[in-house]
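Trainee: Could you take me through one part of this model closely, and then show me how the rest looks around it? I'd like to follow it on screen as you talk.

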Amino acid sequence: MEKANIQEHDGESEKFIEVPDAENDIIEKTISPLGRWQVFVSIISCMVKFPVAWIQLSIVFIAPPASFTCVDNTTNTCSENCTSYVYDRSIFTETIITEWDLVCDKAYMANLAQTVTMLGILSGNVLFGYFSDKFGRRNPLIAGVLLQIVCGMGAAFSKWFILFLVMRFFTAFATGGTMVTSFVLVMEIVGAKWRTTFGIIYQIPFSFGHLLLPVFAYYLREWRYFHVAICIPSILLLSYYWVLPESPRWLLTVGKHEKAIQVLEKAAHHNRLTVENIQPDVHHHVQKKEPGNDQQAGNIVDLFRTPIIRMYTICIGFNWFASGLCFFGGAQYIGQLGGNIFVNVALSAVIQIPGTLFSIWSLQAWGRRNTLIFSNLLSAGSCILIGLVPPQPAWIRSGLSCVDMFALAISFPTVYIYSGELFPTVVRNIGVGSSSMFARAGSMVAPFVAGLVLVREWLPMAVFGVVPLIGAALCLKLPETVNCKLPDTVEEAEELAKKK
């Protein structure tokens, strides 16, 4: 297999970029790096990011801060003598806080709802990653969409808070599965030179979903109607059963060659390419491998079995943790700026869009590693400055928080793409899923870190600043993957790293 290596000098470091020949990648050779089929599959796959945003961030509107008094105005609101409450319903007519009286000694339960949601996302990332490496990308994705609809509607009609928590967990569990499975599918069908662009395009619907969330909440002030509204659109995604193909790369990797040929021939037909040579090309590709070298799906142990993959898992996992911690910490800070809650949430969504678009250019021009280092340093600098500058004038901290969200909008698509390119095919889904679970862990830790403001006002922002700095340092242990051929096996990834 011929490889063209370009050595670039950037002062103190060297970067080796492998420029792949389409002849070396059977997917690109048979259906081209990009065509109408890849565009169609990528667009319908990234639609799952709308409900991903709605489920993850909906807690802002189903459990907003509630102003309340005791029925007896002369009684302390949280005294033992106060048995019922009167809530300010001028903004929201009903929330989970007002319906189940999650105030005073029960106030922690509202935060518990978000913790359970993020735990569900984390569990879905890991288990669906295993399922889709074992059973393919398509079927687990469809199952995840169906589970998301059923449990999401169940949460909206729950009569008891404990049932609501259970339904939210499984809704988030399915959501975590759909987000990681659909992303890997997109990365496996587009050519190397298009992975950056399509990896970013895949993320953009999340920002638009975030932006639509306050629109739903503005017109639906009752939490049950709101929750139904954010779950109903997922019904359209059940069309995946008829239109979504299996990943031909996965089919070839696990030895299902004839099914892979069928998918590739259909893709070539839609791309207006000839199909006569696909079958012999695939058979020739298979014969070039050693006998019995078809790879079965890997498991989480494979992420730590060999030294290179183990280093990838630790370094990229910590960067996922940093992104999750700082994103939800930053979002919480923006929510505390005061003013109109709908405008504040919309603002935090709008800020992410230019950052996401900027990453399209930077990921290709600077590479994955340098882009992630830049976004980590920018996020760290803005958070540290927030802790240092005085509270007044307020626009300084507001501006710095916007810079932080801009940087994090670059970090998230970067770690997504980077993860998908670092791990080989047999463990790619479990690798991306297991790495992204660190972001969920970071999001669950973020409220507790923000609570350190009661100890020292500057302490939360110091933590939010130091963690990305560590992430930037760990990036130096990772290779550059821009325009590189995706490795299929653990051994191939290890050998590629050693050559570089």
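Which residues in α6 meet which residues in α7?

Mentor: Happy to. This is a predicted model, so local features need pLDDT of at least 70 and side-chain atom pairs count only at pLDDT 80 or more, while totals for chains, interfaces and linings use all residues. Residues are numbered from 1 along each chain as its sequence is written, and side-chain values use heavy atoms, with hydrogens and water left out.

Now to your pair. From α6 come F128, F131, S132 and F135, and they meet N139, P140 and G144 of α7; contact here means heavy atoms within 4.5 Å. Sorted by class, this contact has four nonpolar, three polar and no charged residues. In that sorting, Ala, Val, Leu, Ile, Met, Phe, Trp, Tyr, Cys and Pro are nonpolar, Asp, Glu, Lys and Arg are charged, and the others, Gly among them, are polar.

As for geometry, α6 covers residues 108-135 and α7 covers residues 138-156. Helices are DSSP runs (H or I, at least four residues) and strands likewise (E, at least two), numbered from the N terminus. The two axes come within 7 Å and cross at roughly 140°, where axes are lines fitted to C-alpha atoms, for helices over the stretch in contact, and angles run from 0 to 180 degrees between N-to-C directions. That makes α6 and α7 oblique to each other: angles under 35 degrees count as roughly parallel, over 145 as roughly antiparallel, 65 to 115 as roughly perpendicular and the rest as oblique.

For another pair, look at α9 (residues 195-219) and α17 (residues 341-365), whose axes come within 9 Å and cross at roughly 175°. These two are therefore roughly antiparallel to each other. Their contact has 17 nonpolar, nine polar and no charged residues.

G144 also leads us on to α8 (residues 161-189), where T178 lies. With 1% relative accessibility, T178 counts as buried (under 20% relative accessible area; exposed is over 50% and partly exposed in between, with a 1.4 Å probe and protein chains only). Setting aside neighbours within four places in sequence, T178 touches G144, along with V48, V52, L141, V145, Q148 and Y202.

Helix α8 matters for the count of the nonpolar core, too. The largest such core has 124 residues, and F61, I96, F164, Y240 and I316 touch the most other members. A nonpolar core is a set of buried Ala, Val, Leu, Ile, Met, Phe, Trp, Tyr and Cys residues joined through side-chain atoms within 4.5 Å. The largest share of the 124-residue core, twelve residues, comes from α8. Beyond four places in sequence, the contacts of I96 include F164, F161 and W223.

A link back to α6 comes from S436 in helix α20 (residues 428-450). S436 is buried, at 3% relative accessibility, and its contacts beyond four places in sequence are N125 and W320.

Finally, the whole protein: there are 22 helices and four strands, and 56% of its 500 residues count as buried. Among contacts between residues at least 6 apart in sequence, 79% join residues at least 24 apart.
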